[in-house]
Amino acid sequence: MGANLVPVVRRFTINTRTFNANDCAVVENCATVGTRKLLRFDFLCWNAGDQDVHLGDPTQNPQWYVWSPCHRHYHLKNFNEYRIFDCSGNQRTGNKQAFCLEDVEKLSAGPNTKHYTCNNQGVSAGWADVYDARLDCQWIDITDLPDGDYVLEARTNDSGIVQEDRYGDNVTWAGLRISGNTVTQIAVPCYPEDCLGFNPHTVQATNINGRWKVVDGNHWILDFGSKEADAEKARDVIKHYSMNSICFVGRPDRTREQLMMYFLVNSQTPSGSFAGEDAIAFNPANVAAQEVGGRWKVTDGPKWMLDFGVSEANARKAVWIIKKYGFRFQCFVGRPHAPMMYFRH
């Protein structure tokens, strides 16, 4: 499985603080002078994999780090990123937060004692680094943000400096209701979608260096390996429905594990049917995110449809997507381990 960094956010609070020009937070460019309203929260970078992340002594790789005069140790540059947004697309970006990567809290199977510190940076398998809500710079400035329902998005390993087997679960979301200086965690009201557009009229099945791919000009969309017939079928499916966007919940990774792929037609759900398609019907009203045997899955009653591993966040996003578009069929081209998955009415 390798290393697998998964963010966790918790313990949301709001407070106000007045900053002076010589305050460390101002010096480190995560606050401005004056009285500011701050959304604070714990951020955990959990190594949910079965191998350690080991970066070592920061002085041996100074290009990766910045010295923090406030925390008085080295931080990984641009390691985490936070933003808060509403469902109309208005957002308030937080910091690209630097991080000292060390063992702080054990969350899953792994060694019983801490190993990594700010002088020998890393995260043991099963452990998490924790940036407590009380720490300087562990906030988003929400001064003048109107009351309402929001989504906090938090990413880890944003610079890609840590090599992982999978990167699709480096993000999480939390729903927040803000009223004055009170914040309450709620169900996530909406999610950003990860979609790439293409022109269905120019899509072709092409052999590139011995692999059959579905391409749009110079950009390849799907990879079917040696299976020419499947690549041609995928091309025909795209043209039949006039699909013009491919979207993901959790991008494919180095293990070629596909989490969720779906296609849209002018931002709408594909409808109709395709002769001979591999389609499984389900009831969107019954779809739920459930933890089954330690893995987060999207289920339709007793049947599971999607497996997101340790990522509860991705499983809940997938359920939201299915319900938003009213998908009723899950379809595949090239099972088992289908390179193409799509959903339709």
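**Close-ups of a predicted model**

**View 1. Strand 15 meets strand 16 in an open, three-stranded sheet.** Six bridges hold strand 15 to strand 16 (residues 211–216), and the two run antiparallel. Strands here are DSSP E runs of at least two residues, helices are H or I runs of at least four, and both are numbered from the N terminus; two strands pair if DSSP finds at least two bridges between them. One bridge partner to look for is Arg211 in strand 16, which goes with Ile208. A quick note on the source: this is a predicted model, with residues numbered from 1 along each chain as its sequence is written. Local features need pLDDT of at least 70 and side-chain atom pairs count only at pLDDT 80 or more, while totals for chains, interfaces and linings use all residues, and side-chain values use heavy atoms, with hydrogens and water left out.

**View 2. The sheet in full, with helix 2 packed on it.** The strand order is 15-16-17, with antiparallel pairing. Strand 15 (203–208) and strand 17 sit at the edges with a single partner strand each, so one side of each has no neighbour in the sheet. On average, neighbouring strands are turned by 40° against each other, direction ignored. Helix 2 (residues 228–241) touches strand 15, strand 16 and strand 17, and its direction makes about 160° with that of strand 15. Contact means heavy atoms within 4.5 Å; axes are lines fitted to C-alpha atoms, for helices over the stretch in contact, with angles from 0 to 180 degrees between N-to-C directions.

**View 3. His219 in strand 17.** Strand 17 covers residues 219–223. His219 is exposed, at 60% relative accessible area (exposed is over 50%, buried under 20%, partly exposed in between, using a 1.4 Å probe and protein chains only).

**View 4. Asp136 reaches Arg17 across the sequence.** Their salt bridge has its closest N and O atoms 2.8 Å apart; the term means a side-chain nitrogen of Lys or Arg within 4 Å of a carboxyl oxygen of Asp or Glu. Asp136 is in the loop between strand 9 (127–131) and strand 10 (139–141), and Arg17 is in strand 1 (residues 5–19), 119 residues apart. Asp136 is buried at 19%, whereas Arg17 is partly exposed at 25%.

**View 5. Lys324 and Glu193, another salt bridge.** Here the closest N and O atoms are 2.6 Å apart. Lys324 belongs to helix 3 (residues 312–325) and Glu193 to the loop between strand 13 (182–186) and strand 14 (194–197), so the pair ties together parts 131 residues apart in sequence. Lys324 is partly exposed at 45%, and so is Glu193 at 27%.

**View 6. Glu312 and Arg316, by the second largest pocket.** These two helix 3 residues are four apart, about one helical turn, and form a salt bridge with the closest N and O atoms 2.8 Å apart. Both are among the residues closest to the centre of the pocket, along with Thr172, Trp173 and Ala313, out of 25 that line it. The pocket holds about 530 Å³ of space. Strand 12 (171–179) is one of the elements that supply at least two lining residues, and it gives the most, with five. A pocket is an open set of points on a 1 Å grid over the protein atoms alone where a 1.4 Å probe fits, with protein on both sides within 12 Å along at least five of seven lines; lining residues have an atom within 4 Å of a point. Points are joined across faces, edges and corners, and volume is the space filled by probe spheres set on them.
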